[in-house]
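Please read the following account with the model open beside it, going from an open space in the protein to the helices around it and then to a further pair of helices.

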Amino acid sequence: MKGVGKEIAKYLNDFLFGVGVSGGAQAVLHNANRVLSERHNDGSLSMLTVDFSNAFNLVDRSELLHEVRLRCPSISMWVEFLYGQAARLYLGDTHIWSSIGVQQGDPLGPLLFALVLHPLLHNIRDNCKLLLHAWYLDDGTLIGDSEEVAKALDIIKAIGRKLGLQLNINKTDLFWPSCDGRKLRDGLFPVGIGRPPLGVKLLGGAVSRDASFLSNLAIKRAEGAVNLMRLLPQLSDPQSELLLLRCCMGIAKLFFGLRTCQPVHMEEAALLFNNGLRGAIEDIVVCGGPFFGDLLPYPFGLVVWDYTQQ
């Protein structure tokens with residue numbers, strides 16, 4: 001795997017940030033917000049967030065095998081063994097044949113999917129002039145002149161279909177805070193495409209200049225994490241509860257928000273998360289009883305807040 005990674009890194013990492021790139025999602029988010037901050041008054045621009053329907057399960061295997069033979073010959077025989085013929089999937093007393101897509105849980109799955117997607121990205125590069133063209137596996141982010149973005153969308157629809165990648169227009173959004181009217185022209189973009197007015201959700205974060213949009217999204221996600229924490233006592237096993245709290249519901253969710261959003265928009269969400277986390281720990285340690293004093297001179301959220309300012 002390490003050898004393959006070195007072979008393919010330079011090929012993939014010009015546009016794809018989901019394979020072999022540490023913090024790839026954060027990189028895409030920061031770059032999108034940087035362009036938005038610098039060019040938000042340019043009404044000719046558009047930002048397109050692309051979504052495919054069930055992409056990993058529908059990607060074409062013949063294209064997959066072709067790209068592996070071409071780009072990663074050292075693992076081509078192994079991939080042919082895994083995907084060269086349809087696999088039988090059992091459902092009770094019957095079975096179905098799996099002949100498309102990559103298998104869930106396959107460590108090679110993201111790499112194989114990226115190899116199929118990358119020729120499409122090169123086609124966009126060669127035919128469209130964009131300010132930002134970045135993908136995290138099947139999540140694409142394109143920023144540029146509205147005409148160029150529309151051209152890129154046409155390429156995605158035409159070539160993606162041949163690769164088994166069907167555009168999910170209901171989850172594909174078009175956004176920019178200013179508009180000179182061109183992007184509203186009939187026929188330029190599909191009728192069903194989303195047009196959020198304040199910002200878009202992207203890779204677990206947000207691209208927006210609207211304070212209420214950013215803070216509301218952060219609060220909503222903090223509420224989801226806190227509501228999940230409140231279900232922990234149903235396990236009736238403090239060790240399992242603490243393990244899940246640390247690995248799945250803990251401070252990592254808040255840290256990602258702090259790394260990808262201006263802290264001023266995270267304050268209310270951080271305090272909400274702080275109270276929920278403290279309550280969950282208190283329930284594990286003393287089962288809601290007395291003698292659970294302050295662990296720190298300041299609430300957890302404020303300590304995190306000070307840390308991020310340095």
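Which helices and strands each supply at least two residues of the lining of the largest pocket? In this predicted model, the elements that do so are α2 (24–39), β8 (205–208), α8 (211–229), α10 (251–260) and α11 (267–286). Among these contributors α8 gives the most, with eight residues in the lining of the largest pocket.

The space in this largest pocket comes to about 680 Å³, and of the 32 residues that line the pocket, those closest to its centre are Gly 205, Gly 257, Thr 260, Cys 261 and Met 266. Sorted by class, the lining of the largest pocket consists of 16 nonpolar, eleven polar and five charged residues.

Two of the lining elements, α8 and α11, also pack against each other, since their axes come within 9 Å and cross at roughly 5 degrees. Because an angle under 35 degrees counts as roughly parallel, α8 is roughly parallel to α11. On the side of α8 the contact is made by Ala 218, Ile 219, Ala 222, Glu 223, Ala 225, Val 226 and Met 229, and on the side of α11 by Glu 268, Ala 269, Leu 272, Phe 273, Gly 276, Leu 277 and Ala 280. By class, this contact of α8 with α11 has eleven nonpolar residues, one polar residue and two charged residues.

Helix α11 has another partner in helix α9 (residues 238–249), and here the axes come within 9 Å and cross at roughly 160 degrees. With an angle over 145 degrees counting as roughly antiparallel, α9 and α11 are therefore roughly antiparallel to each other, and α9 passes α11 in a left-handed crossing. The residues that make the contact are Pro 238, Glu 241, Leu 242, Leu 245 and Met 249 of α9, together with Phe 273, Leu 277, Ala 280, Ile 281, Asp 283 and Ile 284 of α11. This contact of α9 with α11 divides into nine nonpolar, no polar and two charged residues. Phe 273, Leu 277 and Ala 280 of α11 are thus named both in the contact with α8 and in the contact with α9.

Elsewhere in the sequence, helix α4 (residues 61–71) and helix α5 (residues 76–83) pack with their axes 9 Å apart, at an angle of about 165 degrees. These two helices, α4 and α5, are therefore roughly antiparallel to each other, and α4 passes α5 in a left-handed crossing. From α4 the contact draws on Arg 61, Leu 64, Leu 65, Val 68 and Arg 69, while from α5 it draws on Ser 76, Val 79, Glu 80 and Tyr 83. Divided by class, the residues of the contact of α4 with α5 are five nonpolar, one polar and three charged.

Conventions. Residues numbered from 1 in each chain as written. Predicted model: local features only at pLDDT ≥ 70, side-chain atom pairs only at ≥ 80, totals over all residues. Heavy atoms only, no water. 1 Å grid on protein atoms, 1.4 Å probe; cavity = no way out; pocket = protein on both sides within 12 Å on 5 of 7 lines; lining within 4 Å. Points joined across faces, edges and corners; volume = space filled by probe spheres on them. Helix = DSSP H or I, 4+ residues; strand = E, 2+ residues; numbered from the N terminus. Nonpolar A, V, L, I, M, F, W, Y, C, P; charged D, E, K, R; others polar. Axes fitted to C-alpha atoms, helices over the stretch in contact; angles between N-to-C directions. Parallel < 35°, antiparallel > 145°, perpendicular 65-115°, else oblique. Left-handed = near helix turned anticlockwise from the far one by under 90°. Contact = heavy atoms within 4.5 Å.
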